[in-house]
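Here's a quick walk through a protein model, written for someone who'd rather be at the bench. Have the structure open and follow along.

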Amino acid sequence: MATLAVNGGGGAAAATHTQAYLEGRAVKETRVLISELCRHFYTLGWVSGTGVQKERMEPEDMYVLSGNGTMLSSPSPKPYPHKPPKCSDCAPLFMKAYEKRDAGAVIHSHGIESCLVTMINPMSKEFRITHMEMIKGIKGHGYYDELVVPIIENTAYENELTDSLAKAIDAYPKATAVLVRNHGIYVWGDSWINAKTQAECYHYLFDAAIKLHQLGLDWSTPNHGPTRNFKLGLGSNGNVNTSAKAVTEGSDYGSGLFPRCIVLDIEGTTTPISFVSEVLFPYARDNVGKHLSVTYDTAETQDDIKLLRSQVEDDLKQGVAGAVPIPPGDAGKEEVIAALVANVDAMIKADRKITALKQLQGHIWRTGFESNELEGEVFDDVPEALEKWHSLGTKVYIYSSGSRLAQRLIFGNSNYGDLRKYLSGFFDTAVGNKRETPSYVEITNSLGVDKPSEILFVTDVYQEATAAKAAGLEVVISIRPGNGPLPENHGFKTINSFAEI
């Protein structure tokens with residue numbers, strides 16, 4: 001496995017692929033240079049433990065490849081116990097950096113810092129750091145800039161990384177490196193000097209990030225202040241251990257173990273109550289007739305009508321106010337739609353949480369979001385918190401009385417973009433009423449935690465909080481503008497922002 005590739009030749013001479021070129025000054029100096037650098041990198045711990053003894057490499061041990069990857073020269077075999085010479089599996093990866101970035105040199109390191117920094121958050125696709133002096137050593141970056149390094153997943157064989165490395169290079173045009181999770185890093189530069197100095201800066205920054213995290217400090221923010229969520233420690237075996245301890249005081253949630261899972265209510269917790277009551281419900285009520293008329297003959301709408309018809313029949317039997325008979329299927333389309341609109345309007349005004357209504361509303365809202373007539377609204381602190389929890393490996397779920405379709409629409413089309421990438425799942429009243437304890441027992445069983453106390457439930461409704469607490473969940477109540485009053489001495493911890501968790 002090669003560690004360093006240098007684009008040592010150039011021009012017409014290289015293109016001729018003659019013996020004179022291979023014996024020329026440029027190739028000879030490059031061979032010597034690589035041998036020298038490999039010995040240096042060995043002392044840094046970047047290339048230890050590989051099949052080739054990097055610290056003992058000689059100039060004649062090098063392969064020489066053309067610009068298109070064709071083998072021009074290979075080393076002679078050495079006597080036992082040396083293995084037969086084999087060109088590095090990294091060769092196609094080096095070539096990608098040459099092709100896509102016109103690199104003069106590429107360095108591949110197994111330095112422990114570059115490996116551990118990808119393990120802190122197994123879900124993250126990027127390493128980000130800012131306000132560190134050594135960032136200035138990375139091409140195109142200054143002290144105040146945010147350095148972003150893409151992370152790709154490791155594979156069994158190094159050459160299998162070629163496609164994902166190429167995609168990362170394309171996706172991050174400013175990057176001069178790509179991290180490989182649980183493996184190492186590829187760094188390229190305009191010259192071997194530029195590649196070497198950048199590699200040194202990257203390893204320094206990774207080491208700094210690991211140490212800052214051990215101290216409970218956040219390397220990704222300008223002030224590198226205390227993280228709110230947990231400290232990272234390294235065990236005696238060098239593996240990453242997340243103790244999941246809160247490291248700051250002053251949060252109403254407390255300083256106990258950070259939850260493995262967080263379950264969030266929507267209305268009054270992630271989203272203003274006014275958005276639901278003054279935007280979503282009126283939109284569904286105002287557009288139900290249009291929606292039914294346009295989609296009347298589709299299988300989806302016919303299923304919605306069938307469900308509504310069954311619900312209305314039950315309502316009529318029970319004397320529910322506002323229920324009006326729906327004409328049979330062979331009646332005129334306009335007559336059926338008019339009756340459906342009247343029933344839906346009455347259900348929405350009564351704030352009924354029934355499946356037939358929620359299913360139809362979800363389909364109406366989907367049309368509104370797709371046409372950009374609707375945009376989901378979340379509080380300003382929500383996106384940052386979701387991203388932070390996601391980066392720490394905490395799974396976040398939504399539990400709302402609204403349908404799962406409606407939930408996905410709100411978070412997939414929010415005023416902060418698509419937030420669904422931070423969410424692990426959605427629960428609705430199919431698991432049970434939100435004010436009943438068995439619903440939270442069912443959620444606990446679904447999430448597969450060892451203890452219900454490993455789940456934090458956040459809601460603005462006292463009855464929901466009580467039901468969740470009875471099931472053993474940790475609970476905090478969300479205090480947001482427009483939320484209803486809570487009973488005096490309710491006994492629950494409260495938060496005004498997700499930043500307090």
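## A histidine with an unusual backbone

Let's start at His-131, which sits in the loop between S5 and S6. Keep in mind that this is a predicted model. The phi of His-131 is positive, at about 55°, even though this residue isn't a glycine. Most residues other than glycine have a negative phi, so this one is worth a look on screen.

Is His-131 buried or exposed? With a relative accessible area of 17%, His-131 comes out as buried, because the cut-off for that label is under 20%.

## The end of H4

Now hop over to Asp-102, just after H4, which takes a positive phi of about 55°. Asp-102 isn't a glycine either, and its place is in the loop between H4 and strand S4 (105-109). Its surroundings are another story: Asp-102 has 63% relative accessibility and therefore counts as exposed, whereas His-131 is buried.

Helix H4 itself covers residues 91-101. Which of its residues are buried? They are Ala-91, Leu-93, Phe-94, Met-95, Ala-97 and Tyr-98. When you look at that list, remember that an α-helix has 3.6 residues a turn, so residues three or four places apart point the same way.

## Two more buried loop residues

His-183 is in the loop between strand S7 (177-180) and strand S8 (184-189). At 12% relative accessibility, His-183 counts as buried, since anything under 20% gets that label. What does its side chain pair up with? There's a polar contact of 3.2 Å between the side chains of His-183 and His-108. Leaving out residues up to four places away in sequence, His-183 also touches Ser-109, His-110, Cys-115, Asn-154, Glu-158 and Leu-161.

Thr-271 belongs to the loop between strand S11 (261-264) and helix H8 (273-295). With a relative accessibility of 0%, Thr-271 counts as buried too. Its side chain reaches the backbone oxygen of Glu-377 at 2.9 Å. Besides Glu-377, Thr-271 touches Ile-266, Val-378, Phe-379 and Ile-410, again not counting residues up to four places away in sequence.

## The second largest pocket

Time for some empty space: the second largest pocket holds about 1,200 Å³. Its lining is made up of 40 residues, and the closest to the centre are Asp-218, Ser-220, Glu-387, Lys-388 and Ser-391. Strand S5 (126-130), strand S6 (146-152) and helix H12 (381-391) are the elements that give two or more residues to the lining. His-131, where we began, is in the loop between S5 and S6.

Which element gives the most to this lining? That would be H12, with 8 residues. As for chemistry, the lining residues split into 17 nonpolar, 12 polar and 11 charged.

## Zooming out

Finally, the whole chain. The protein chain has 15 helices and 16 strands. Of its 501 residues, 48% count as buried.

How much of the chain's contacting is done by residues 24 or more positions apart? Among contacts with a separation of 6 or more, those residues account for 63%. On the outside, the chain exposes about 23,900 Å², and carbon and sulfur atoms supply 51% of that area.

Methods: Residues numbered from 1 in each chain as written. Predicted model: local features only at pLDDT ≥ 70, side-chain atom pairs only at ≥ 80, totals over all residues. Heavy atoms only, no water. 1 Å grid on protein atoms, 1.4 Å probe; cavity = no way out; pocket = protein on both sides within 12 Å on 5 of 7 lines; lining within 4 Å. Points joined across faces, edges and corners; volume = space filled by probe spheres on them. Helix = DSSP H or I, 4+ residues; strand = E, 2+ residues; numbered from the N terminus. Nonpolar A, V, L, I, M, F, W, Y, C, P; charged D, E, K, R; others polar. Buried < 20%, exposed > 50% of the residue type's maximum accessible area, 1.4 Å probe, protein only. Contact = heavy atoms within 4.5 Å. Areas by Shrake-Rupley, 256 points an atom, 1.4 Å probe, with all protein chains shown as cover. Polar contact = N/O pair within 3.5 Å; in protein donor to acceptor, adjacent residues only side chain to side chain.
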